[in-house]
Amino acid sequence: MTQLDILSNLMSAIQNAEAVRKKYVVIYPASKLAVNVLKVLQKHGYVGEIEIIEDGRGDKIRVELLGRINKCGAIRPRFPVRRDEVLEFAKKYLPSRDLGILVISTSRGLKTHLECLDENIGGVLLAYVY
């Protein structure tokens, strides 16, 4: 069966594995976007080590879970956001000002909403984690 949205599948797999307190989750198929989103989450301490398993059929990603994610999800539809609208979307998707991150695809790569505010750039909303 084909999977339509790899990012939504990634986030729901992580959410479900965190709910049952697993230490690892295997996500397939792998994509560059999924790996880059996981690197952003790893940089901010939400997930541990990321391992790409090449099996010749779309590859897999093995992610170490640290138990720090309360909720995560992909944002559908992927809203374009200007630099002055970033805080409005953060209020909509995150429970409080200092808790969690929005992952935004910008012309300078994947960034969090805090980095977008610092660099004064906008982009397309991809996911939220807290």
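Ile 6, Leu 7, Leu 10, Met 11 and Ile 14 in helix 1 meet Leu 33, Ala 34, Val 37, Leu 38 and Leu 41 in helix 2. The residues of this contact divide into ten nonpolar, no polar and no charged. The model is a predicted one. A search of the whole structure finds nine salt bridges, and cis peptide bonds precede Pro 29 and Pro 77.

**Packing of helix 1 and helix 2**

- Helix 1 covers residues 6-19 and helix 2 covers residues 32-43.
- Two packed helices are described by the angle between their axes and the distance between the axes.
- For helix 1 and helix 2 the angle is about 40 degrees, and the axes are 9 Å apart.
- That angle makes helix 1 oblique to helix 2, because angles under 35 degrees would count as roughly parallel and those from 65 to 115 as roughly perpendicular.
- The two helices, helix 1 and helix 2, cross in a right-handed sense.

**Salt bridges**

- Asp 5 and Arg 76 form a salt bridge through their side chains, at 3.6 Å from N to O.
- Asp 5 is in the segment before helix 1, while Arg 76 is in the loop between strand 4 (72-74) and strand 5 (80-81), so this pair ties together parts that are 71 residues apart in sequence.
- Asp 5 has 15% relative accessibility and counts as buried, because buried means under 20%.
- Glu 115 and Lys 43 form another salt bridge, at 2.8 Å from N to O.
- Glu 115 belongs to helix 4 (residues 113-119) and Lys 43 to helix 2, so the pair ties together parts that are 72 residues apart in sequence.
- Within this pair, Glu 115 is buried, with a relative accessible area of 18%, whereas Lys 43 counts as exposed at 60% relative accessibility.
- The side chains of Arg 82 and Asp 84 also meet in a salt bridge, with 3.5 Å from N to O.
- Both Arg 82 and Asp 84 are exposed.
- Asp 5, Arg 76 and Arg 78 are joined into one network by salt bridges that share partners.

**Lys 111 and Leu 114**

- Lys 111 is part of strand 7 (residues 109-112).
- With a relative accessible area of 14%, Lys 111 is buried.
- Apart from neighbours within four places in sequence, Lys 111 is in contact with Leu 102, Val 103, Ile 104, Thr 106, Cys 116, Glu 119 and Ile 121.
- Leu 114 is placed in helix 4.
- Leu 114 counts as partly exposed, at 43% relative accessibility.
- From C-alpha to C-alpha, Leu 114 and Ile 101 are 7.6 Å apart in space, and they are 13 residues apart in sequence.

**Backbone details**

- The peptide bond that joins Tyr 28 and Pro 29 is cis, with omega about -5 degrees.
- Pro 29 sits in the loop between strand 1 (24-27) and helix 2.
- Arg 76 and Pro 77 are likewise joined by a cis peptide bond, with omega about -5 degrees.
- Pro 77 sits in the loop between strand 4 and strand 5, the loop that also holds Arg 76, the salt-bridge partner of Asp 5.
- Arg 21 is a residue other than glycine with a positive phi, near 60 degrees.
- The place of Arg 21 is the loop between helix 1 and strand 1, and Arg 21 is exposed, with a relative accessible area of 74%.
- Asn 120 is not a glycine, yet its phi is positive, at about 60 degrees.
- Asn 120 is found in the loop between helix 4 and strand 8 (123-129).

Note on methods. Residues numbered from 1 in each chain as written. Predicted model: local features only at pLDDT ≥ 70, side-chain atom pairs only at ≥ 80, totals over all residues. Heavy atoms only, no water. Axes fitted to C-alpha atoms, helices over the stretch in contact; angles between N-to-C directions. Helix = DSSP H or I, 4+ residues; strand = E, 2+ residues; numbered from the N terminus. Parallel < 35°, antiparallel > 145°, perpendicular 65-115°, else oblique. Left-handed = near helix turned anticlockwise from the far one by under 90°. Contact = heavy atoms within 4.5 Å. Nonpolar A, V, L, I, M, F, W, Y, C, P; charged D, E, K, R; others polar. Salt bridge = Lys/Arg side-chain N within 4 Å of Asp/Glu carboxyl O. Buried < 20%, exposed > 50% of the residue type's maximum accessible area, 1.4 Å probe, protein only.
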